[in-house]
Amino acid sequence: MPFSDLSKHSKRVAETVERVHRVHIKRRDGEDLFISTARHDRQREETTEVAARMVAALLADDEGIRAVLHALPVVFPWVRHLNDDEKQQFVRDLVDATHDAIDLDVHATLHRVVVEWRATARILADPALTEQLTRALPDEDHGEVFAP
């Protein structure tokens, strides 16, 4: 729905939210909004918390970590470009971000972790780009550069 409908047709917007539980409000001069019923929002939060706690519980021991490492390529197909150490670091970063979501109600960290690791995999998938980004800059000595 357009943002203007909130003021022009507020009753219709409210009826739509009650019927479909969540409405996407498009704005021209700002970030889009979502309006949802409180019940729907609580259910979404509970779903997220249950999923996050399940992942955190899986990652509490070596067997769970192995299961998550085994599942990574299904959830994130691009992890095939990461080496074993990078995959394990990705899992550790996911664990930390999952705890942020559960304990602090901060969800942006998880998004950032996935975006950053996907960008790393994209670089590693392209040998020319990997070479370009891991070589020393001209006329500058930064010590030895290690390529994966």
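Here is a short look at helix α4 and two buried threonines in a predicted model.

Residues count from 1 along each chain as its sequence is written. Because this is a prediction, local features need pLDDT of at least 70 and side-chain atom pairs pLDDT 80 or more, while totals for chains, interfaces and linings use all residues, and side-chain values use heavy atoms, leaving out hydrogens and water.

Let's start with α4, residues 62-75. Helices here are DSSP runs of H or I with at least four residues, numbered from the N terminus. This one has 14 residues and spans 19 Å from first to last C-alpha, close to the expected 20 Å (1.5 Å times one less than the number of residues). Just at its start, a side-chain oxygen of aspartate 61 comes to within 3.2 Å of the backbone nitrogen of glutamate 63.

Gly64, Val68 and Leu72 of α4 are buried, meaning under 20% relative accessible area with a 1.4 Å probe, protein chains only. An α-helix has 3.6 residues a turn, so residues three or four places apart point the same way. The buried residues of α4 pack against α3 (38-58) and α5 (84-104).

Now for the threonines, with contacts taken as heavy atoms within 4.5 Å and neighbours up to four places away in sequence left aside.

| Residue | Helix | Relative accessible area | Contacts |
|---|---|---|---|
| Threonine 98 | α5 | 7% | Ala52, Val55, Ala56 |
| Threonine 16 | α2 (residues 10-20) | 13% | Met1, His21, Val23 |

The side chain of threonine 98 also reaches the backbone oxygen of leucine 94 at 2.7 Å. As for threonine 16, its C-alpha is 50 Å from that of leucine 133, 117 residues away in sequence.

Technical notes. Helices (H or I, at least four residues) and strands (E, at least two) are DSSP runs, numbered from the N terminus. Buried means under 20% relative accessible area, exposed over 50%, partly exposed in between (1.4 Å probe, protein chains only). A polar contact is a pair of N or O atoms within 3.5 Å; within protein, one must be able to donate a hydrogen and the other to accept it, and residues adjacent in sequence count only if both atoms are side-chain atoms.
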